[in-house]
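Colleague: I am new to this one and would love a friendly tour. Could we look at it together?

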Amino acid sequence: MTATHDAAKALFRSLTGQEPAGVWSAPGRVNLIGEHTDYNDGFVLPFAIPHRTVAAVGARDDGRIRVASTFADDAVEVSIDELSTLFPTLRQAQGPSDETQPAVPEWAAYPLGVAWALSLAAPGLDATGVDIAIASDVPVGAGLSSSAAIEGATASALNDLWSAGLDRTALARVGRRAENEAVGAPTGIMDQMASMLGEADAAIFLDCRSLEAQLVRLGVAEAGLEILVMDTRVKHAHSSGGYGERRAACERGAAIMGVPSLRDVSVADLVRAEDLMDDVTFRRVRHVVTENQRVLDTVRTVREQGARAIGDLLVASHASMRDDFEISVPELDTAVDTALAAGALGARMTGGGFGGAAIALIEADAVQAVSDAVTAAFAASGFDAPHLFTVTPAAGAGRDA
Ligand code: GLA
């Protein structure tokens with residue numbers, strides 16, 4: 001049990017005056033490589049991190065759901081029957097919006113969206129009312145999937161309490177549906193799968209078309225290495241702007257190539273692609289196609305030679321995101337360039353981009369030197385101080401108590 005577990009339980013007690021029926025948690029993630037490939041049916045290689053979101057949950061008998069969190073002043077309470085009318089995104093899909101409906105603060109759309117999506121995924125469910133108290137130490141807006149962690153903790157809890165019997169992949173789909181349709185962020189399934197399937201010292205090699213997942217032992221500590229997270233503190237949000245535009249460009253590129261998704265385009269096809277589309281669309285396509293190949297190369301390299309050998313693939317991935325997909329920002333480039341100059345074996349931004357965090361693969365005895373160099377470079381550029389910490393691959397979602 002961690003301080004986050006204690007915080008969730010204390011919040012539950014202050015909300016209800018009772019002890020929770022149980023405590024569930026789910027982690028954030030770092031993506032080692034494979035960015036913006038998930039919604040193109042491609043490959044990703046994320047791992048769960050030790051930072052977790054904890055949900056302390058108990059049943060109530062009045063058919064209402066109340067969610068509270070340590071990062072919001074007020075709890076939100078609704079009846080289970082009204083879940084499908086709560087979210088502006090769903091209301092739009094149903095026709096003209098009804099302004100008399102209560103607005104749900106965005107943070108509450110994650111757990112309530114999960115309750116909604118779970119009840120649809122397991123029809124006939126006897127969904128009782130619940131109180132849910134949430135605490136988290138996953139940094140928000142850092143590209144480390146704080147949202148998938150909320151979804152994973154809530155989905156695991158409700159799956160158990162409501163005896164829904166969904167497996168981990170189904171719970172990941174529930175989380176993504178909440179994110180896509182309740183919150184309105186058009187994301188893929190990588191984050192939810194990483195949060196569900198994480199294992200100590202392993203990354204998850206996921207085929208986002210079949211959802212087949214293989215664990216890839218990283219052996220980072222044995223190799224004398226560390227993975228440093230460099231959170232730039234530039235906040236991002238995928239429910240607005242650039243993320244959806246990138247996704248639309250990928251869909252356009254696939255349509256022009258006459259394939260269901262960019263997963264079906266190979267590196268050899270890029271010569272033909274270049275003649276068929278405008279420069280921007282082509283560069284978006286080239287990023288996804290080469291990134292898929294880099295994931296496959298990374299998995300093979302880790303298995304054959306160990307994590308120490310993947311540095312160049314990480315660097316190539318960052319260059320592709322910076323130049324072709326154009327989702328980096330100066331703070332991320334500074335973090336990556338400085339880490340490499342200070343001796344990192346490889347570095348890249350991680351997550352959706354437009355802010356958030358970068359990672360660096362470094363020798364364990366170089367953590368301090370690289371951290372000092374990045375901190376100094378941020379100060380010299382007039383950026384806010386970055387938040388730097390090392391992570392090790394950790395366990396996925398589950399019941400803790
Ligand atoms: C965000 C999304 C994921 C994925 C990444 C980019 O984290 O939630 O589905 O698309 O961006 O790789």
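Colleague: Which residues are buried in α11?

Modeller: Happy to help, and please keep in mind that this is a predicted model. A residue counts as buried when its relative accessible area is under 20%. In α11, the residues that meet this are Glu331, Leu332, Asp333, Thr334, Ala335, Val336, Thr338 and Ala339.

Colleague: What do the buried residues of α11 pack against?

Modeller: Contact here means heavy atoms within 4.5 Å. By that rule, the buried residues of α11 pack against both strands and helices: β9 (225-231), α10 (311-323), β10 (346-350), β11 (357-363) and α12 (367-381).

Colleague: How far apart are the end C-alpha atoms of helix α11, and what span should its twelve residues have?

Modeller: The expected span is 1.5 Å times one less than the number of residues. For the twelve residues of helix α11 (residues 330-341), that gives 16 Å. The end C-alpha atoms agree with this, as they are 16 Å apart.

Colleague: Which residue with a positive phi follows α11?

Modeller: Just look past the helix for a phi near 110°. The residue with that positive value is Gly343.

Colleague: How many residues of β11 are buried?

Modeller: β11 is one of the elements that the buried residues of α11 pack against. The strand itself is mostly covered, and of its seven residues the buried ones number six.

Colleague: How many bridges join β9 to β11, and do they run parallel or antiparallel?

Modeller: Asp231 stands opposite Ala357 in β11. In total, seven bridges join β9 to β11, and the direction is antiparallel.

Colleague: What is the bridge partner of Arg348 in β11?

Modeller: β10 and β11 pair in the antiparallel sense over five bridges. They form a hairpin with six residues between them, and Gly351 in the turn has a positive phi of about 95°. Across this pairing, the partner of Arg348 is Ile359.

Colleague: How many aromatic pairs does a search of the whole structure find, and what is the angle between the planes of Tyr39 and Tyr243?

Modeller: The search finds four aromatic pairs. Among them, Tyr39 and Tyr243 lie 5.5 Å centre to centre. Planes over 60 degrees apart count as edge-to-face, and this pair is edge-to-face with an angle of 65°.

Colleague: How many residues apart are Tyr39 and Tyr243 along the chain?

Modeller: Tyr39 sits in the loop between β1 (22-31) and β2 (43-44), while Tyr243 belongs to helix α7 (residues 242-257). Both Tyr39 and Tyr243 are buried. The pair links distant parts of the chain, with a separation of 204 residues.

Definitions and conventions. Residues are numbered from 1 along each chain as its sequence is written. This is a predicted model: local features need pLDDT of at least 70, side-chain atom pairs count only at pLDDT 80 or more; totals for chains, interfaces and linings use all residues. Side-chain values use heavy atoms; hydrogens and water are left out. Rings of Phe, Tyr and Trp (its six-membered ring) pair if their centres lie within 6.5 Å; planes under 30 degrees apart count as stacked, over 60 as edge-to-face and the rest as tilted. Helices (H or I, at least four residues) and strands (E, at least two) are DSSP runs, numbered from the N terminus. Buried means under 20% relative accessible area, exposed over 50%, partly exposed in between (1.4 Å probe, protein chains only). Two strands pair if DSSP finds at least two bridges between them.
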